[in-house]
Amino acid sequence: MKILFVVWELDPFFKLGGLGDVARSLPGALKILGEDIRTITPYYKAVKMGRNKKTLIGKLSFEYGGRKQRIEVWKTNQPYTKVPAYFLKNKKYLDKATPTDTWGFFNKAVVEVIKNNILNWQPEIIHINDRHGGLIPLLIKIEKLPIKTILTIHNLAFQGQAKMKILKDMGIDPELCKITKWEIKSRQVNFLMEAIIHSDTITTVSPTYAKEILTEEYGQGLNDLLKQMSGKIFGILNGIDIDWRYTTHGTAVRYPYNSSEKKTDGKIEYYHWLDGKKHNKLFLQKKLGLKVGENIPLICFIGRLDPKQKGLDILHTLLRRNADKPNFQFVLLGDGDKNWEERYKWLSTFYPKSFSCNFRFDETLAHQLYAGSDFIVIPSLYEPCGLIQMIAMLFGTIPIAHKTGGLKDSIKDNYNGFLFPDYNSISLEKSVTKAIDVWRNDRFEFEKIVEHALKTDFSWTKSAKEYKVLYEKLLSNS
Ligand code: ADP
């Protein structure tokens with residue numbers, strides 16, 4: 001099958017979060033299954049081509065915003081998976097990954113590239129991700145192209161609302177958008193909503209989230225619409241890259257380790273996890289200025305500081321409550337909301353030997369945290385899938401997480417992690433206390449939990465097979 005994977009970020013060229021990881025790995029896993037899948041992304045100024053050889057394969061002009069706009073189409077290969085990667089360049093609209101106008105232009109450009117056969121290759125399926133490709137399914141219908149479309153919702157909270165003018169700029173008659181008639185009162189077009197209506201199939205990134213989004217609580221205002229579409233919504237849990245040689249794991253982590261005995265694999269020498277964890281933890285404590293000692297449990301948090309999603313409030317309450325007498329160390333790595341940055345900074349300023357808060361995007365430190373921490377705390381109010389718990393488990397770092405979405409689908413309480421049922425600081429604290437108690441007082445049980453975590457299969461192969469079945473179903477319905 002020929003599949004074009006339309007995505008806004010692609011590791012290692014440009015990454016903002018989990019979507020960049022997915023864009024690297026899912027197409028890679030589908031390629032291994034024999035699919036002809038390729039990615040297409042804007043060529044922002046911030047894209048790092050590194051040593052990858054790129055070729056200009058075509059140029060194209062089309063009307064946008066009442067003017068002729070030119071784009072260049074570049075091609076390279078994703079360095080690890082060798083999946084062909086196309087990049088679209090235009091100074092005015094595609095230099096920066098911010099304004100919604102960029103999405104409108106990008107969506108139009110993707111469809112024009114296909115219509116004019118610039119890739120010299122025609123997809124049978126276009127797989128869009130989140131709001132960024134939201135108007136592509138509608139454009140495909142308008143152009144009557146014989147292509148099926150599939151939308152993956154990675155996070156329903158980000159819907160991409162833009163002024164109606166964007167439809168005019170793209171040359172779309174608002175009358176053709178069923179829902180924009182309804183939306184017109186607010187003079188806004190909703191990219192994700194358009195994608196939900198016009199895609200042939202929809203997936204979300206975990207089975208639990210696929211159910212949650214049909215409820216008022218998690219539906220972000222789109223639950224009624226999603227309920228009408230429920231027959232075409234499927235939940236497929238994301239995976240992660242498990243090969244240390246092709247990810248930052250290999251370069252950032254001082255002491256690589258795995259579940260079995262010490263061994264050498266090519267250039268990498270692996271420790272047994274018990275030794276690897278100890279060495280990485282001592283290294284991390286020194287690096288961050290924490291009190292050094294292998295007998296202090298270390299808990300980390302890695303992620304966007306998004307106050308509406310990531311559970312910053314209940315985590316902060318728990319830390320404040322324990323700040324004077326912490327029986328653990330805590331390290332935060334994340335950036336985002338400035339108010340929360342200040343509040344967390346206060347903790348690390350007053351208790352520098354116990355708390356370390358780092359407000360930046362830092363892949364190296366992230367991996368050193370995965371490797372050197374005993375636990376990762378994930379107090380998210382909702383989590384469509386979450387990759388961090390899976391990456392952490394690959395390092396035998398035990399998640400303490402809210403029982404929701406993909407966290408619920410990937411963690412079994414007391415087996416390979418700890419889940420807390422209610423979204424409040426008391427429920428979270430109970431789970432943290434229990435986890436630390438097992439860590440300190442029942443090493444046999446704790447090591448069993450780590451072994452389970454290390455052996456849980458989060459490889460992409462399983463998810464890729466499920467996507468393959470969906471693609472086949474889509475084409476057989478043509
Ligand atoms: P989301 O997609 O909601 O941001 P995920 O758990 O799905 O959350 O994925 C987050 C990804 O981004 C993981 O690969 C994680 O390691 C990475 N990440 C998040 N914040 C940072 C940071 N501050 N520095 C480095 N990596 C980060």
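Two strands count as paired here if DSSP finds at least two bridges between them. Keep that in mind while walking through this model, which is a predicted one.

Let's start with the overall layout. The domain assignment splits the protein chain into domain 1, covering 2-239 + 462-476, and domain 2, covering 257-457. Their C-alpha centres sit 33 Å apart. Where the two meet, 21 residues of domain 1 are in contact with 17 residues of domain 2. The size of an interface is often given as the accessible area lost when the parts come together. Between domain 1 and domain 2, that buried area is about 1400 Å², with carbon and sulfur atoms giving 58% of it.

Now for the sheets. One of them is an open sheet of 9 strands, in the order 3-4-5-2-1-6-7-10-11, and its pairing is mixed. Strand 3 (55-64) and strand 11 (233-235) are the edges, each pairing on one side only. From one strand to the next, the twist averages 25 degrees. Helix 3 (residues 100-115) packs on this sheet and touches strand 1, strand 2 (36-42), strand 3, strand 4 (67-77), strand 5 (84-89) and strand 6, with its direction at about 115 degrees to that of strand 3. Helix 19 (residues 460-476) lies across strand 1, strand 2, strand 6, strand 7 (148-153), strand 10 (201-204) and strand 11, and runs at about 145 degrees to strand 7.

Strand 1 is a good place to zoom in. With strand 6 (residues 125-129), strand 1 (residues 2-6) shares 4 bridges, and the two run parallel; look for I3 opposite I125 in strand 6. With strand 2, strand 1 shares 5 bridges, again in a parallel run, and here V6 stands opposite I40. Strand 1 is mostly covered, with 4 of its 5 residues buried.

Follow the chain out of strand 1 and you come to a backbone oddity. Most residues other than glycine have a negative phi, and most peptide bonds are trans. The bond joining D11 and P12, though, is cis, with omega at about 5 degrees. P12 is in the loop between strand 1 and helix 1 (18-32). Further along, K144 has a positive phi, near 55 degrees, despite being a residue other than glycine. K144 lies in the loop between helix 4 (136-142) and strand 7, and its 74% relative accessibility makes it exposed.

Next comes helix 11 (residues 273-288), which lets us do a quick sanity check. Its 16 residues, at 1.5 Å a residue, should span 22 Å, and the end C-alpha atoms are indeed 22 Å apart, so the two agree. Among the buried residues of helix 11 are W273, G276, K277, N280, K281, F283, L284 and L288. An α-helix has 3.6 residues a turn, so residues three or four places apart point the same way. Right after helix 11 comes G289, with a positive phi near 75 degrees.

The other open sheet has 6 strands in the order 17-16-15-18-19-20, and its pairing is parallel. Its edges are strand 17 (355-358) and strand 20 (418-420), each pairing on one side only. Neighbouring strands are turned by 20 degrees against each other on average, direction ignored. Within this sheet, strand 18 (residues 375-378) and strand 19 (residues 398-402) run parallel and are joined by 4 bridges. I378 has A401 of strand 19 as its bridge partner. Helix 14 (residues 363-372) packs on the sheet, touching strand 15 (298-302), strand 16, strand 17 and strand 18, and its direction makes about 145 degrees with that of strand 15. Helix 13 (residues 338-350) lies across strand 16 (329-333) and strand 17, at about 140 degrees to strand 17.

A few residues around here deserve a look. G336 is in the loop between strand 16 and helix 13, and at 34% relative accessibility G336 counts as partly exposed. Beyond its neighbours within four places in sequence, G336 is in contact with L305 and E341. S431, in helix 17 (residues 425-441), is buried at 7% relative accessibility. Setting aside residues up to four places away in sequence, S431 touches I400, F418, L419 and F420. Finally, N414 is in the loop between helix 16 (405-410) and strand 20, and its phi is positive, near 65 degrees.

Conventions: Residues are numbered from 1 along each chain as its sequence is written. This is a predicted model: local features need pLDDT of at least 70, side-chain atom pairs count only at pLDDT 80 or more; totals for chains, interfaces and linings use all residues. Side-chain values use heavy atoms; hydrogens and water are left out. Axes are lines fitted to C-alpha atoms, for helices over the stretch in contact, and angles run from 0 to 180 degrees between N-to-C directions. Contact means heavy atoms within 4.5 Å. The expected span of a helix is 1.5 Å times one less than its number of residues. Buried means under 20% relative accessible area, exposed over 50%, partly exposed in between (1.4 Å probe, protein chains only). Domain bounds come from an automatic or database domain assignment. Buried area is the accessible area (1.4 Å probe) that two parts lose on being put together, summed over both.
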